[in-house]
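Please find below some notes on the model, set out as numbered points.

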Amino acid sequence: MAPAAPERHNLRMAERVIPLVDQRVAARAATVPGRAITPSGLLADQLGRPLRDLRISVTDRCNFRCSYCMPKEVFDKDYKYLPHADLLTFEEITRVARLFAQHGVRKIRLTGGEPLLRKNIEVLIEQLAQLRTPEGEPLELTLTTNGSLLARKAKALKAAGLQRVTVSLDGLDDAVFRRMNDVNFPVAEVLAGIDAARDAGLGPVKVNMVVKRGTNEHEILPMARHFKGTGIVLRFIEYMDVGSSNGWCMDEVVPSAEVIRTISAEMPLVPLEAAIPGETAQRWAYADGSGEVGVISSVTQAFCADCNRARLSTEGQLYLCLFATHGHDLRSLLRGDASDEDIASAIGHIWQQRDDRYSQLRASLPADARAGQRRVEMSYIGG
Ligand code: SAM
């Protein structure tokens, strides 16, 4: 196991002092097990959960500074992003994604950081679009973006083989949105990006809104009204204690039940069945048939029991949970002399050992144990 990294910063936000530890070096070497694990698509972890969804972070950089994700005080001009040579190349990402597909992954989501900042991302999408499941089906290929570059890039992304996009947008009020992204970025440009994505055929477009008490909960209804009846699926995300730099506290979480009550009081909602096992969002339909909304309730209603997601960091570390404290270094295998069979075995072994269920355990963990854990930043492993 790698030694704990030294503290990098002391961050003072309001009354809180948050020591930020660089978790990027806290990876365990991925080892090739003695007994080969041949991909069969039937891999299961310690809790019987299959591997179906791979999120790939293609950059740790972002042009926004949302306080709940990449606060300016930490991600400032002195922050050391990964050097380019440390990033997985497109060929390395595609090679490892092919092995994940053989193990049962059906869906790939590109994320970051802001994935549209990665140069020539269309080339990676073209390569990933060629991958097939063991049954010969193309993988579901999606991307999560802050939407700032989408108006410019939507057509090229579609042409490269991207199927859908999810756009993050935390409010419709321009002043609120500019404050939340903390780089004064206007809401109109993100809305233009959403329109461009829909026009390019990257639908159904989903819009994710993180709801933070005292910051943007008054935007719940305007957002719901705006997207109702448009075919765009709005999803409300509970503010989560990911990473170690956002100074998270429970008081700032708006429970999804409250979001649903707020919307339903004006626009009645009825619950829908999950479309796919392992889905992160609980779905609700407007009773008048004009579409649906979703809620992602990682804090108040943990969905670890059927979590089938793995995350590949920008530099090739495999994370088994959004709240993980360490990853498994696949890059050293990719850049060493390991064969595809070796790397597939290593992935299989890592997944078979997986027993993470942080969100389910969160409530039973003493607060000081939670605070003591130095979790990896979301901008690094991808949302
Ligand atoms: N830059 C892209 C974007 O804005 O969508 C992709 C990366 S971002 C880390 C992915 C998603 O994570 C965004 O929807 C963002 O709002 C969400 N997110 C980041 N930090 C969060 C937190 N502490 N709680 C809940 N959601 C968070």
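1. Gly161, which follows just after α3, takes a positive phi of about 120°; helices here are DSSP runs of H or I of at least four residues, strands are E runs of at least two, and both are numbered from the N terminus. The model is predicted, with local features requiring pLDDT of at least 70 and side-chain atom pairs pLDDT 80 or more, while totals for chains, interfaces and linings use all residues. Residues are numbered from 1 along each chain as its sequence is written, and side-chain values use heavy atoms, with hydrogens and water left out.

2. Within α3 (residues 150-160), Leu150, Lys153, Ala154, Leu157 and Ala160 are buried, that is, under 20% relative accessible area with a 1.4 Å probe and protein chains only, where exposed means over 50% and partly exposed lies in between. These buried residues sit on the same side of α3 because they cover an arc of only 135° around the axis, the arc being that of the directions from the helix axis to the C-beta atoms.

3. On the other side of α3, Arg152, Lys155 and Ala159 are exposed, whereas the buried residues of α3 pack against α2 (121-129), β6 (140-145), β7 (164-168) and α5 (187-200).

4. Phe236 is among the residues with the most contacts inside the largest nonpolar core, which has 114 residues; such a core is a set of buried Ala, Val, Leu, Ile, Met, Phe, Trp, Tyr and Cys residues joined through side-chain atoms within 4.5 Å. Leaving aside neighbours within four places in sequence, Phe236 is in contact (heavy atoms within 4.5 Å) with residues including Met209, Val259 and Ile296.
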